[in-house]
Amino acid sequence: MALDLGGRILRSRTVAALASPHGIDRYLTQIDPMLAAHEVRARITDIHPEVSAPGAPRVATVTLQPTSTWRGHRAGQHVSVGIDTGEGRRTTRVFTVSNTEGKPGEPLTITVRAHDDEHATPHSISKFLTERATVGTLVHLSQAEGDFVLPDRVPEHIVLISGGSGITPVMSMLRSLQRRTHRGMVTFLHWAPSADRQIFADELEEIRRQGHGVDLHILHTADGAPYLSPALLSKLVPGYRDLPTWACGPASLIEAAQAAYVGTESLRVEYFKPPKNAGVAGGEMEFARTGKTVANDGATILDQAEAAGLTPESGCRMGICFSCTTNKSSGRVRNVLTGETSELPDEQIRICVSTPEGDCSVDL
Amino acid sequence: MTTVENTGNRRLSAEELEAFGAEMDAIRQRIVADLGEKDSAYIYDIVKKQRAFELAGRALFYLPVIGWVPAVACLSISKILDNMEIGHNVMHGQYDWMGDPDLNSRMFEWDNVCPSDQWKYSHNYIHHTFTNVLGKDRDIGYGILRMDEDQKWHPYFLGNPIYAFLLMIFFEWGVAMHDLEVENIVAGKRKMSDNAELHRGLMKKVKRQALKDYLLFPLLTGPLAPLTFLGNGVANLVRNIWAFNIIFCGHFPAGVASFSQEECEDETQGHWYYRQLLGSANITGGRIFHIMSGNLSHQIEHHLFPDLPARRYPEIAEEVREICERYDLAYNTGPLHQQLWGVFKKICKYALPDRKRPVADRVQAAPALEEVAA
């Protein structure tokens with residue numbers, strides 16, 4: 001009660017006016033980073049390795065105790081995570097919250113795979129979290145975001161589809177359903193390369209053993225399992241086109257799912273990573289501020305800028321955090337997530353999910 | 001003309017300009033590659049100190065009589081640090097590489113009536129791109145003063161010293177009004193309606209600043225409210241006077257060159273550096289002085305590398321001076337009193353109409369750079 005009153009005072013308009021223009025959090029953080037009136041910060045309280053098979057990228061589940069400002073999350077939502085990864089730099093990336101849906105101020109977990117892709121700089125946050133982070137490390141969070149969530153009233157029979165690391169939001173949904181004691185039926189299809197790289201392997205095995213209305217199919221492509229297709233779905237889930245379905249995974253899986261559900265309104269999707277090179281090559285990509293011009297190769301503007309040696313500001317690289325927002329002075333761009341195109345001059349675009357179509361100029 | 005010829009500087013050939021630019025680029029690349037922990041620790045420490053001075057200042061107003069002077073001093077220091085070493089430099093993007101939204105040029109707002117987005121346009125874009133280009137750089141005289149021979153004289157400018165004094169007293173308001181381009185409205189080049197959007201943003205910021213400094217914080221000190229009100233006003237005044245003096249010493253001491261628009265058409269990167277160097281002047285002083293000036297005491301290095309963290313300017317300065325010697329270019333620096341005297345003389349000189357003399361004479365008679373530190 002006393003805490004709540006303190007919070008209400010700190011969030012009052014009077015305090016905001018007194019602390020203008022910096023805001024009260026700029027002062028509180030000087031006392032203790034875990035004191036906040038608006039922003040969300042957290043400390044790592046546990047790091048649990050999920051996969052540490054030789055040769056496979058490490059995967060770890062990180063438990064975070066947030067400040068009282070954390071409003072909780074719904075199963076399937078994601079959060080921006082900013083960490084000082086060394087050399088005075090903070091890196092921010094988006095991760096799915098992997099634990100059961102939670103209330104304000106409750107601990108949350110994120111499950112992180114160490115990325116070895118081209119963006120794995122020394123400041124890679126996934127490498128930091130899986131290899132160097134320790135209990136007590138401070139992290140900067142957003143509130144939980146995203147509408148890839150379960151409804152409050154879950155239908156009698158639902159289908160969950162995931163691929164690779166796309167399992168995290170789906171796992172959060174499954175765990176929440178179990179806690180809510182959902183009485184209906186869940187069909188869960190998960191594609192992964194092989195058994196030794198399977199995240200949450202023990203927990204999945206336990207769920208399979210118990211049954212309890214969960215029909216689990218784990219398909220390891222390295223062992224010759226078939227990929228997602230209408231035929232496979234019809235066989236495993238008869239009448240699937242009428243069942244509410246949630247799918248999260250790489251672009252290939254999402255596209256296969258969209259093809260299988262075409263013409264229905266049953267499917268909700270979330271890209272785990274935006275499609276790469278989804279654009280059309282051709283024309284010239286101009287970076288006006290630095291005076292560089294490259295041949296448009298169809299990749300996102302962020303990728304093309306980095307390939308040209310520029311270092312534009314960026315964050316999640318999947319169109320969520322808006323930190324790469326840049327002014328496009330001319331040209332047509334396609335949003336790789338929605339497929340929408342736009343050619344307004346002087347438009348603010350997220351360059352991580354925009355591919356140029358023909359000549360294009362941005363202020364980079 | 002106050003152009004390059006009569007500042008004692010020689011013009012560089014195209015090849016020399018290119019080599020000169022390459023040397024500057026090399027400094028920049030080396031510093032960028034070296035940015036890290038030390039720079040972030042420095043700015044976090046300055047922010048911590050600024051917040052501490054601010055809290056101390058606000059708190060000391062509760063101490064009747066003996067608290068007032070220290071309170072004003074703390075609050076003045078807080079506002080100066082906030083506006084200069086933190087605000088000005090953060091809004092230049094000097095700390096964007098840190099990835100901290102609190103120190104990001106797009107997000108930062110300063111303790112000053114001028115809204116940061118408006119200041120960034122007129123300062124970062126107009127002033128830093130067109131530095132000392134007549135007719136382009138509106139920071140030459142801020143639209144109210146005559147600071148260069150090539151600004152046409154008018155009886156209005158007889159008031160030059162008075163306008164400068166008023167600008168100093170009301171500097172934050174001058175900076176805020178700067179973006180409204182009142183002189184261009186008077187000249188009919190700009191419509192009042194062009195300012196509607198700017199005016200809205202400005203009034204919002206002004207209200208917020210006035211609310212805390214002149215209403216809420218005074219009220220919080222109860223019976224001492226009038227003293228707190230006065231103290232907050234004095235702290236804003238101290239910041240105004242200090243910032244005005246530092247900034248005027250950056251571009252208007254004797255020997256600083258200005259450029260015509262023709263000279264800067266299709267400008268190369270080398271010539272841009274050359275213009276920044278000759279269009280700026282430094283102030284010598286100790287470490288605390290440099291911090292309190294937001295390192296704008298290194299105006300030359302700031303203009304050459306506006307987006308490098310300002311704490312690096314002293315180390316860069318040594319290299320820049322060495323390069324200037326090799327290219328036989330003036331490096332304009334001197335103690336505060338000397339640079340201020342130069343500014344003062346200029347303000348008075350240009351209040352009066354030019355004495356008509358043949359061009360050749362004028363070049364001959366023009367003063368050489370007063371003090372070029374070796």
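This tour moves through a predicted model, from the sheets of chain A to the contact between the chains and then to the helices of chain B.

**Chain A: around strand 6**

Begin by selecting strand 6 of chain A, residues 138-141, together with strand 1, residues 40-51; the two run antiparallel and are joined by four bridges. Within this pairing, A:Val40 has A:Leu141 of strand 6 as its bridge partner. Now add strand 3 of chain A, residues 78-86, which also runs antiparallel to strand 6 and is joined to it by two bridges. Here A:Val81 is the residue to display, since its bridge partner in strand 6 of chain A is A:Leu141.

**Chain A: the parallel sheet**

Next, select strands 7 to 11 of chain A, where five strands form an open sheet with parallel pairing, in the order 9-8-7-10-11. At the edges lie strand 9 (214-220) and strand 11 (267-271) of chain A, each of which pairs on one side only. Looking along the sheet, the twist from one strand to the next averages 10°.

For a view of one pairing inside this sheet, keep strand 7 (residues 157-163) and strand 10 (residues 245-249) of chain A, which run parallel and are joined by four bridges; A:Leu160 has A:Trp246 of strand 10 as its bridge partner.

Then bring in helix 5 of chain A, residues 167-179, which packs on the sheet and touches strands 7, 8, 10 and 11 of chain A, its direction making about 150° with that of strand 7. Helix 8 of chain A, residues 251-260, likewise packs on the sheet and touches strands 7, 8, 10 and 11, and its direction makes about 165° with that of strand 11 of chain A.

**Where the chains meet**

Show both chains and select the residues in contact, of which 14 come from chain A and 21 from chain B. On the side of chain A that touches chain B, helix 2 (13-18), helix 3 (25-31) and strand 4 (89-96) of chain A each supply at least two residues, and strand 4 gives the most, with four residues. Coloured by class, this side of chain A has four nonpolar, five polar and five charged residues.

**Chain B: two helix crossings**

Moving to chain B, select helix 1 (residues 14-34) and helix 10 (residues 269-278), whose axes come within 7 Å and cross at roughly 75°; helix 1 and helix 10 of chain B are therefore roughly perpendicular to each other. From helix 1 of chain B, B:Leu17, B:Glu18, B:Phe20, B:Gly21 and B:Met24 meet B:Gln269, B:Gly270, B:His271, B:Tyr273 and B:Tyr274 of helix 10. By class, this contact between helix 1 and helix 10 of chain B has five nonpolar, four polar and one charged residues.

For the second crossing, select helix 5 (residues 160-169) and helix 9 (residues 225-251) of chain B, whose axes come within 7 Å and cross at roughly 125°, so that helix 5 and helix 9 of chain B are oblique to each other. Helix 5 of chain B contributes B:Leu167, B:Met168 and B:Ile169 to the contact, while helix 9 of chain B contributes B:Leu237, B:Asn240, B:Ile241 and B:Phe244. The residues of this contact between helix 5 and helix 9 of chain B divide into six nonpolar, one polar and no charged.

**Chain B: the buried side of helix 4**

Finish at helix 4 of chain B, residues 116-129, and display its buried residues, which are B:Ser116, B:His123 and B:His127. Because they cover an arc of only 85° around the axis, they lie on the same side of helix 4 of chain B. Adding helix 3 (68-91) of chain B shows part of what covers these buried residues of helix 4.

Note on methods
Residues numbered from 1 in each chain as written. Chains lettered and ligands numbered in written order. Predicted model: local features only at pLDDT ≥ 70, side-chain atom pairs only at ≥ 80, totals over all residues. Buried ≥ 20, exposed ≤ 12 C-beta atoms within 10 Å, placed from the backbone. Arc of directions from axis to C-beta. Contact = placed C-beta atoms within 7 Å. Axes fitted to C-alpha atoms, helices over the stretch in contact; angles between N-to-C directions. Parallel < 35°, antiparallel > 145°, perpendicular 65-115°, else oblique. Nonpolar A, V, L, I, M, F, W, Y, C, P; charged D, E, K, R; others polar. Pairing = 2+ DSSP bridges.
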